[in-house]
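Thanks, everyone. I'll take you through one model, from the overall fold down to a few single residues. Please have the structure open.

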Amino acid sequence: MQKARPYILFIGLFVYLIIVLTFVSAERDRVECKGMRVTVADAVTNAFADEGDVMRVVKQKYGEVEGRGITEIDKDSIERLLVGRSVVKSAQVYYSLDGYLHIEIRQRKPVLRVLNNDGYYVDEDGKIMPLSQKYTSRVVVATGNVSRKFACEELYPFVMALRNDEFWDAYVEQIVVEGGKEVILIPKVGSFRIVLGSLEGYEQKMEKLRLFLKKGIARKGWNLYKEINLKFDKQIVCVKK
């Protein structure tokens with residue numbers, strides 16, 4: 001009898017769970033939707049979408065959800081609809097027994113804004129993201145001859161490296177691209193431009209620039225030069241005003 005006791009307990013627990021789940025399922029099927037509760041992550045600092053936007057998108061596609069049986073609402077379909085929006089990275093939709101449909105949104109986050117004939121963002125995953133009429137993200141701006149391929153494959157990892165460095169993230173304001181791949185930096189401090197050239201070996205170039213800014217310009221003055229050129233190996237060429 002003692003050997004059989006664990007099996008009896010297991011079977012009893014299994015039957016109990018079936019009864020509870022059946023009861024919960026029956027109760028859930030009788031619940032009417034009281035409305036939507038929407039959460040948009042980083043809605044203040046990354047305001048491409050808000051609660052009202054999400055509600056309008058759902059209602060335009062599915063009509064009013066309030067008063068409908070909560071289990072009649074297709075959660076997966078709503079998730080696909082929302083992720084199809086250009087500013088949405090991910091969406092989770094679920095309902096609770098108190099009758100509310102919960103929608104949680106994560107927005108895409110731009111890291112670079114390209115301004116040319118067809119302006120766009122590059123997001124934190126290195127993918128193209130269209131500009132928004134509702135909100136403009138305060139990120140590094142790239143101008144000039146910037147192809148989408150160059151923006152995603154070369155500028156994106158460079159910009160991510162700048163963002164991950166506290167000094168460069170605060171210092172670099174704009175990137176100008178000439179000739180397709182020649183990069184010029186416009187700083188927030190100093191009335192000069194920084195000619196980086198190609199992005200090949202940019203890590204060494206930026207470290208060389210860091211040292212020069214801290215030990216060279218900091219002593220001689222931020223308005224002495226109009227150009228700092230890092231294109232040449234093992235040297236920095238400066239052009240005075």
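**Overview**

The protein's secondary structure amounts to six helices and twelve strands. Keep in mind that this is a predicted model. Of its 241 residues, 37% count as buried. Now the contacts between residues at least 6 apart in sequence: 53% of them join residues at least 24 apart.

**Cores**

In general, nonpolar side chains in soluble globular proteins tend to be buried together. So which residues have the most contacts inside the largest nonpolar core? They are Leu-112, Leu-155, Phe-158, Ile-175 and Met-206, in a core of 35 residues. Helix 4, residues 148–163, gives the most to this core, with seven residues.

Take Met-206. Setting aside residues up to four places away in sequence, Met-206 touches Phe-158, Leu-162, Trp-168, Leu-185 and Leu-196.

Another core lies apart from the largest one. This other core has 26 residues, including Val-54, Ile-73, Tyr-121 and Val-139.

**A helix pair**

Next, helices 2 and 3. Two packed helices are described by the angle between their axes and the distance between the axes. Helix 2 covers residues 51–62, and helix 3 covers residues 75–83. Their axes come within 11 Å and cross at roughly 120°. Angles over 115 degrees but not over 145 count as oblique, so helix 2 is oblique to helix 3. The crossing is right-handed.

Who makes the contact? From helix 2, Val-54, Val-57, Val-58, Lys-61 and Tyr-62. From helix 3, Ser-77, Ile-78, Leu-81 and Leu-82. By class, that contact has seven nonpolar residues, one polar and one charged. Val-54 has come up before: it is also among the residues of the 26-residue core.

**Single residues**

Four stops now, in chain order.

Start with Asp-42. Asp-42 sits in the loop between strand 1, residues 35–40, and helix 2. Its phi is positive, about 55°, although Asp-42 is not a glycine. Its relative accessible area is 37%, so Asp-42 is partly exposed.

On to Gly-126. This glycine is in the loop between strand 5, residues 120–123, and strand 6, residues 128–130. Is Gly-126 buried or exposed? Buried, because its relative accessibility is 15%, and the cut-off is under 20%. Outside the residues up to four places away in sequence, Gly-126 touches Cys-152 and Tyr-156. Gly-126 and Pro-110 are 16 residues apart in sequence, and their C-alpha atoms are 8.9 Å apart.

Then Thr-136, in the loop between strand 6 and strand 7, residues 140–144. Thr-136 has a relative accessible area of 41%, so this residue is partly exposed. With residues up to four places away in sequence left out, Thr-136 touches Arg-113 and Tyr-121. Tyr-121 is one of the residues of the 26-residue core. How far apart in space are Thr-136 and Asn-46, C-alpha to C-alpha? The distance is 8.8 Å, with their positions 90 residues apart in sequence.

Last, Arg-193. Arg-193 belongs to strand 10, residues 193–197. Arg-193 is partly exposed too, at 31% relative accessible area. Neighbours within four places in sequence aside, Arg-193 is in contact with Glu-178, Ile-184, Leu-185, Ile-186, Lys-226, Glu-227 and Ile-228. Of these, Leu-185 is also touched by Met-206. As for Lys-226, its C-alpha is separated from that of Arg-193 by 6.4 Å, and the two are 33 residues apart along the chain.

That's the tour. Over to you.

Definitions and conventions:
Residues are numbered from 1 along each chain as its sequence is written. This is a predicted model: local features need pLDDT of at least 70, side-chain atom pairs count only at pLDDT 80 or more; totals for chains, interfaces and linings use all residues. Side-chain values use heavy atoms; hydrogens and water are left out. Axes are lines fitted to C-alpha atoms, for helices over the stretch in contact, and angles run from 0 to 180 degrees between N-to-C directions. Helices (H or I, at least four residues) and strands (E, at least two) are DSSP runs, numbered from the N terminus. Angles under 35 degrees count as roughly parallel, over 145 as roughly antiparallel, 65 to 115 as roughly perpendicular and the rest as oblique. A crossing is left-handed if the near helix is turned anticlockwise from the far one by less than a right angle, and right-handed if clockwise. Contact means heavy atoms within 4.5 Å. Ala, Val, Leu, Ile, Met, Phe, Trp, Tyr, Cys and Pro count as nonpolar, Asp, Glu, Lys and Arg as charged, and the others, Gly among them, as polar. A nonpolar core is a set of buried Ala, Val, Leu, Ile, Met, Phe, Trp, Tyr and Cys residues joined through side-chain atoms within 4.5 Å. Buried means under 20% relative accessible area, exposed over 50%, partly exposed in between (1.4 Å probe, protein chains only).
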